[in-house]
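I opened this notebook page to record what I looked up in the structure. The entries follow the order in which I consulted it.

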Amino acid sequence: VTAPSKLLSALKSHDWATRLHAAEQLGHVGGDGAVDALATALGDHFLEVRLAAARSLVALGAAEAVGRVLAAFDVPGEMSERRTAEILAE
């Protein structure tokens, strides 16, 4: 398991796959700053990274991030409202 501090740094990588991995793992390890970093990752230009960040926020029980999750997927034609609701229902 990667240390939370390394995952937080990885979320800032130029490589989308590195950001994706970090967003996925932070939902399992948490740690100080994880919720804020994941909420910021909801603005990533890659949909996969945003999805991973949303799932991790749900896994961490970050109810305060629900509004940001909804806003991250409010892009016409990119993702259905139903799929967004499914993520939040997890």
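**Entry 1: contacts along the chain.** What share of the contacts in the protein with a separation of 6 or more comes from residues 24 or more positions apart? I found that such residues account for 54% of those contacts. I note here that the model is a predicted one.

**Entry 2: overall make-up.** I then looked up the secondary structure, which comes to six helices and zero strands. Read along the sequence, the pattern is α-α-α-α-α-α. The protein has 90 residues, and 36% of them count as buried. For the accessible surface I noted about 5200 Å², with 54% of it belonging to carbon and sulfur atoms.

**Entry 3: helix α3.** I turned next to α3, which covers residues 34-41. Which of its residues are buried? I listed A34, L38, A39 and A41. Seen down the axis of α3, these buried residues fall within an arc of 155°, so they line one face of the helix. I recalled the general rule that an α-helix has 3.6 residues a turn, so residues three or four places apart point the same way. On the other side of α3, I found D36 and T40 exposed. I also asked what covers the buried residues of α3. The cover includes α1 (4-10), α2 (16-29), α4 (47-59) and α5 (66-72).

**Entry 4: the largest nonpolar core.** I recorded 22 residues in this core. Those that touch the most other members are L11, L38, L42 and L57. Two or more residues of the core come from each of α1, α2, α3, α4 and α5. The element that gives the most is α4, with six residues.

**Entry 5: L38.** As L38 is buried in α3 and is also listed among the core residues that touch the most other members, I looked up its contacts. Neighbours within four places in sequence were left aside. The partners of L38 are then L11, A23, L26, A53, S56, L57 and L60.

**Entry 6: helix α4.** I checked the length of α4 and noted 13 residues. From its first C-alpha to its last, α4 reaches 18 Å, close to the 18 Å expected at 1.5 Å a residue. The buried residues of α4 are V49, R50, L51, A52, A53, A54, S56 and L57. Of these, A53, S56 and L57 are in contact with L38. Just after α4, I noted that G61 takes a positive phi of about 70°.

Notes:
Residues are numbered from 1 along each chain as its sequence is written. This is a predicted model: local features need pLDDT of at least 70, side-chain atom pairs count only at pLDDT 80 or more; totals for chains, interfaces and linings use all residues. Side-chain values use heavy atoms; hydrogens and water are left out. Helices (H or I, at least four residues) and strands (E, at least two) are DSSP runs, numbered from the N terminus. Buried means under 20% relative accessible area, exposed over 50%, partly exposed in between (1.4 Å probe, protein chains only). Contact means heavy atoms within 4.5 Å. Accessible areas come from the Shrake-Rupley method with a 1.4 Å probe; for residues, only the protein chains shown count as cover. The arc is that of the directions from the helix axis to the C-beta atoms. A nonpolar core is a set of buried Ala, Val, Leu, Ile, Met, Phe, Trp, Tyr and Cys residues joined through side-chain atoms within 4.5 Å. The expected span of a helix is 1.5 Å times one less than its number of residues.
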